[in-house]
Amino acid sequence: MNMAKRLLAYSLPYWRWLILAFAMITFTALSINFLPVLIQRITDQCLMNADAPADERIELLMRLSVIYISIAGIGHLVRYFQAMLTAWIGQKIIYDLRLEVFRKVLRMHQAYFDRTAVGTLMTRVTSDIERLQHFVTEGVVGSIADLFMLFGIMGYMIYISPWLSLAIFSTLPLLFAFMFYVNTKLRDANRDIRDRQSRLNAFLQESLTGMTTIQLFNREASAMEDFDERHTKLRSAYFDEVRWFSLYFPTVEGGQALAVLLILAVGGMMLLQGSEAITLGIFVAFLAYIRDFFRPLGSLSDKAGSFQIAMASIERVFALLDAEEEVQDPAQTEAPDRIAGTIAFNKVWFAYNNDNWVIKDLSFSVEPGQVLAVVGATGAGKSTIINLIGRFYDVQQGAVTIDGIDVRQFNKHDLRGRLGYVFQDPFIFTGSVADNIALQTPGISRAEVIHAAKTVNAHNFIEAMPEGYDTVLNERGEGLSLGQKQLLVMARALAQNPELLFVLDEATASVDTATEVLIQDALAKLMANRTSIVIAHRLSTIRHADRILVMRHGELVDQGTHNELMAHDGYYRQLYDLLQHSPEQK
Ligand SMILES: Nc1ncnc2c1ncn2[C@@H]1O[C@H](COP(=O)(O)OP(=O)(O)OP(=O)(O)O)[C@@H](O)[C@H]1O
């Protein structure tokens, strides 16, 4: 569907207001453009009509002047309300659209975020939408208002002097052809600007996130160079746009001068020759019309420029709205009340990209309440297993089931509500400690928040914070140590009371022994009576697991208890020996 048409579809809910706006536009175009006709009458019937008695001419002058001021007053007042109304409609439309865009972003699957830079998405939701706002409020309705004004003026001009009108209108095709050409150039330039802006944003976002690494490795100079390269490209794209844009007004003003010249020459000549087709009033009215004629024309061409700009943004916003959601809810979902907790992989094959298999023919199952540890070298596919259970990605072959139900049969929201995650890199939201634990889940009371924190040994350090549970944290959890952040996200996981638990259990050198003991204890409590899968790096976790999967290059190479696997004297034993000698193990 044509992009602009599609955008206009968003105005449908406001059609009544739009009709009112168009009625106001029509009224304004008809009333304000009638004013030069009055000037013509005043000139011809009052000033130049020497045959009529002076009293009558003065009276007529007074009457026409009152009519003039009334029409001008009402016309401009209606124009004011119409501008307010159209701006209001535009804001409503943009509000709806921005909500829809963010809702779409929230629905997108992980692979989409793997491919799309954060900066690019930021540009979509912020500056692209802002451009659309301009397009809808001033662009579409404003252009229609300008067109009405233009047609109104042309109608009156033809009405008072067809010949003079013809002379002026003959200059228009050339002017329009030139404007059309400039528009195409503007559109290209603007597409470049958006592209480059979005690349610059993505780079900036990445640099800010990785600032510590940049500074640690003295990468400031090369970061500056990369920034400058992108920035220079953006500057030249902007300059390209300005170059074409600057041509507009001289063109419009030049057209106006040409039209005035035509009136002076053609109209003046006709007047001097005593032509019946023209009077001094018509001559004066035409000069007034020319000023009014080029104003909407100039504004139209200006808007044509912003149309091009908006078009590029519209394309991008709709491309986002149309992006395929690869992980979809089925038409009919399964929603068991409470699940027992059997997780099974059945001949699962999975690749993040094309046929680059990361999981190869994987089959295993975990019984309710069991703790399953997954071990393997880095890149073996351990985290991928967890991603597949939560449907952050869908398997290409085989099936992942929970209590015998394929995870693709669940509603995503329902499925994820049953899962709890404790990741290595704890994410803290801006907000209070209590909010970070409850995550605004309805039904989690303050008492439950505190209970969860106490269970995972987080209560003491939270209480010691300046405002306790109401202490406001920023997005990086500034003021909290890594160990404290980990305990906090464990409290979060526990408060949600998940049915299944996934843990990325990294032995971290940055946590002191006392905190390590607290974390271990918290983990044990979290996993108690819950089917849990742990991507295990700590020897203690591995040893205490009910069962261990040994992964290598996406394949299951062995499974069993710690003792069974040690007895096999295979790959597990090698891994175990390596871990035992790792300095991170306490
Ligand atoms: N989002 C992704 N897009 C593309 N490839 C990915 C993605 N995530 C992981 N991979 C690739 O899939 C493979 C398995 O990754 P996975 O994260 O499951 O390994 P892992 O065993 O958990 O490793 P680690 O112990 O280092 O966390 C790796 O080769 C990795 O490069």
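A word on the annotations before I use them: UniProt positions are given here in the numbering of this chain, with shortened feature names, and an annotation may be inferred rather than shown by experiment. With that said, the unreviewed UniProt entry marks residues 14-39, 60-78, 156-182 and 245-271 as "transmembrane region". What I am showing is a predicted model.

Two of those annotated spans can be set against the model. For residues 14-39, the end C-alpha atoms are 39 Å apart, and the span is 88% helix and 0% strand. For residues 245-271, the end C-alpha atoms are also 39 Å apart. That second span is 93% helix and 0% strand.

Next, the domains. The assignment for the protein chain gives domain 1 as 3-322 and domain 2 as 428-497. Between the C-alpha centres of domain 1 and domain 2 there are 52 Å.

I will start with two residues, A21 and I89. A21 sits in helix α2, residues 15-32, and I89 in helix α4, residues 54-107. Are they buried or exposed? The cut-off for buried is 20 or more other C-beta atoms within 10 Å. A21 has 22 such atoms, so A21 is buried. I89 also has 22 other C-beta atoms within 10 Å and is therefore buried.

The contact lists tie the two together. Setting aside neighbours within four places in sequence, A21 is in contact with Q82, L85, T86, I89 and V141. On the same basis, I89 is in contact with S11, Y14, W17, L18 and A21. A general point helps in reading such lists: an α-helix has 3.6 residues a turn, so residues three or four places apart point the same way.

Two distances for orientation. From I89 to G152 there are 63 residues in sequence and 24 Å in space, C-alpha to C-alpha. From A21 to D425, 404 residues along the chain, the C-alpha separation is 54 Å.

Staying in that part of the sequence, helix α3 runs over residues 35-47. Its 13 residues should span 18 Å at 1.5 Å a residue, and the end C-alpha atoms are 17 Å apart, which agrees. Its buried residues are L35, P36, Q40, I42 and C46.

S170 is a loop residue, placed between α7 (162-169) and α8 (172-209). It has 10 C-beta neighbours inside 10 Å and therefore counts as exposed. How far is S170 from A259 in space? The answer is 9.6 Å, C-alpha to C-alpha, with their positions 89 residues apart in sequence.

Now the ligand. Around it are 13 residues, and Y352, T378, K382, S383 and T384 come nearest. Which helix gives the most to this shell? That is α13, residues 382-389, with three residues. Sorted by class, the shell holds four nonpolar, seven polar and two charged residues.

Helix α18, residues 482-495, deserves a little more time. At 1.5 Å a residue its 14 residues should span 20 Å, and the end C-alpha atoms are 20 Å apart, so the two agree. Of the 14 residues, 11 are buried, so α18 is largely enclosed by the rest of the structure. The buried ones are G483, Q486, L487, L488, V489, M490, A491, R492, A493, L494 and A495. What covers them includes two strands, β6 (419-422) and β9 (500-505). The cover also includes the helices α15 (433-438), α16 (446-455) and α19 (513-527).

Just after α18, N497 takes a positive phi of about 45°. That brings me to backbone angles. As background, most residues other than glycine have a negative phi.

K347 is not a glycine, yet its phi is positive, at about 45°. K347 belongs to strand β1, residues 343-351. The limit for exposed is 12 or fewer neighbours, and K347, with 12 C-beta neighbours inside 10 Å, therefore counts as exposed.

N529 also has a positive phi, near 60°. Where is N529 found? It is in the loop between α19 and β10 (531-536). With 9 other C-beta atoms within 10 Å, N529 is exposed.

That is what I have on this model.

Definitions and conventions: Residues are numbered from 1 along each chain as its sequence is written. This is a predicted model: local features need pLDDT of at least 70, side-chain atom pairs count only at pLDDT 80 or more; totals for chains, interfaces and linings use all residues. A residue is near a molecule or strand if its C-beta atom, placed from the backbone, lies within 6 Å of it. Helices (H or I, at least four residues) and strands (E, at least two) are DSSP runs, numbered from the N terminus. Ala, Val, Leu, Ile, Met, Phe, Trp, Tyr, Cys and Pro count as nonpolar, Asp, Glu, Lys and Arg as charged, and the others, Gly among them, as polar. Domain bounds come from an automatic or database domain assignment. The expected span of a helix is 1.5 Å times one less than its number of residues. Two residues are in contact if their C-beta atoms, placed from the backbone, lie within 7 Å.
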